[in-house]
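Please look over the sequence and the model below before reading on. The paragraphs that follow begin with the chain as a whole and then turn to single residues.

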Amino acid sequence: MTFFEKYNKSRVKNASYVCVGLDSDITKLPEAVKNEKNPILTFNKAIIDATKDFVVSYKPNLAFYLSAGKMGLDALFETFAYIPSDIPVILDAKFGDIGNTMFQYGKFAFEQVKADALTVNPLMGEDVDKSIESFEGKMKFLLCLTSNPGAKDYLMPNELYTKIAAAIGGKKDLGAVVGGTNSEQLEKVRSLMPETIFLIPGIGAQGGNLELVCQKAAASKDDARFVINSSRGIIFADSSVDFAETAAKKADELRKAINENL
């Protein structure tokens with residue numbers, strides 16, 4: 001299935017727009033998994049088993065797997081293989097290069113890891129996404145207006161984010177990363193990309209306002225055309241042996257809160 005097919009299936013089946021960020025920092029894993037052969041993989045499997053009925057997607061961040069070396073990469077590949085096949089998975093890598101180099105990043109993400117979507121840094125121009133457009137049915141989420149405070153350094157001056165939004169709007173297989181901390185800009189961004197799927201970080205630990213996000217970023221009440229990511233607020237909500245059950249509770253709470261605000 002394509003990303004869109006998986007997105008629509010899981011969105012309807014689970015009545016959810018929640019994306020669980022599998023930012024599985026090995027230094028923060030619960031004691032209950034630390035003696036396992038691959039504690040990252042054991043942790044991820046437990047989180048997935050507990051939350052799979054409450055999510056629209058998952059999003060592993062590549063940095064946390066690279067930093068753990070071979071064990072981390074093994075966990076990354078096996079995590080992708082373990083997630084139910086009808087739930088889309090986004091590889092959060094923020095690759096951004098041109099030509100054959102970017103194409104190789106695409107081959108890693110889409111053919112090796114078998115991701116359904118990839119986060120992409122578009123600042124080197126249209127060559128970036130054009131280099132991976134041949135991977136049909138795969139979503140490429142271009143950084144548009146990020147949730148971190150540093151967005152004001154480059155993306156907001158001269159409204160660079162609006163130029164990126166205009167370039168994305170209406171294009172097949174292109175989505176946008178739009179931070180939930182940028183409530184003042186959300187309405188404008190949505191007007192430039194009325195049909196685009198947004199990947200929205202910044203809710204939870206970063207302090208984004210969920211009510212405003214749902215009001216201003218949703219394309220419609222029937223299909224908001226976004227996925228709202230939460231990482232630490234779900235997977236590290238509890239460090240006890242009950243970590244997975246707590247993660248499920250937090251994911252369901254976020255799912256219900258989004259639906260109520262829509």
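Accessible areas come from the Shrake-Rupley method with a 1.4 Å probe. For the protein chain of this predicted model, the accessible surface calculated in that way comes to about 11,500 Å², and 50% of it belongs to carbon and sulfur atoms. Beneath that surface, 53% of the 262 residues of the protein chain count as buried.

The overall dimensions can be considered next. Along its principal axes, the C-alpha trace of the protein chain spans about 50 × 45 × 35 Å. A compact globule with 262 residues would have a radius of gyration near 18 Å, and the 17 Å of the protein chain agrees with that expectation. The chain has 12 helices and 8 strands, and among its contacts with a separation of 6 or more, 72% are accounted for by residues 24 or more positions apart. As for charge, the protein chain has 31 positive and 34 negative side chains, with the centres of the two sets lying 1 Å apart.

Two residues, leucine 62 and valine 113, give a view of buried positions. Leucine 62 is found in helix α3, which covers residues 62-66, and because its relative accessibility is 7%, under the 20% limit, leucine 62 counts as buried. Which residues is leucine 62 in contact with, leaving aside its neighbours within four places in sequence? They are Leu76, Leu91, Asp92, Ala93, Phe95 and Phe108. The C-alpha atom of leucine 62 is also separated by 9.0 Å from that of lysine 94, although the two residues are 32 residues apart along the chain.

Valine 113 has its place in the loop between α5 (99-112) and β4 (117-120), and at 3% relative accessibility valine 113 counts as buried. Not counting residues up to four places away in sequence, valine 113 touches Leu76, Phe77, Phe80 and Phe108; Leu76 and Phe108 also appear among the contacts of leucine 62. The C-alpha atoms of valine 113 and alanine 81, which are 32 residues apart along the chain, are separated by 8.5 Å.

Further along the chain, threonine 146 lies in the loop between β5 (139-145) and α7 (151-154). Is threonine 146 buried or exposed? With a relative accessibility of 15%, threonine 146 counts as buried. The side chain of threonine 146 makes a polar contact with the side chain of asparagine 148, at 2.6 Å. When residues up to four places away in sequence are not counted, threonine 146 touches Ala151, Leu155, Gly179 and Asn182.

The last two residues to examine are asparagine 158 and arginine 225, and here the backbone angle phi deserves a look. Asparagine 158 is found in the loop between α7 and α8 (160-168), and its phi is near 60°, a positive value in a residue other than glycine. With a relative accessible area of 70%, asparagine 158 is exposed. Arginine 225 is found in the loop between α10 (210-217) and β8 (226-230), and phi of arginine 225 is near 55°, again a positive value in a residue other than glycine. Whereas asparagine 158 is exposed, arginine 225, at 16% relative accessibility, counts as buried.

Note on methods. Residues numbered from 1 in each chain as written. Predicted model: local features only at pLDDT ≥ 70, side-chain atom pairs only at ≥ 80, totals over all residues. Heavy atoms only, no water. Helix = DSSP H or I, 4+ residues; strand = E, 2+ residues; numbered from the N terminus. Buried < 20%, exposed > 50% of the residue type's maximum accessible area, 1.4 Å probe, protein only. Polar contact = N/O pair within 3.5 Å; in protein donor to acceptor, adjacent residues only side chain to side chain. Contact = heavy atoms within 4.5 Å. Rg over C-alpha atoms; globule rule 2.2 N^0.38 Å. Lys, Arg positive; Asp, Glu negative; His and termini not counted. Charge placed at Lys NZ, Arg CZ, Asp CG, Glu CD.
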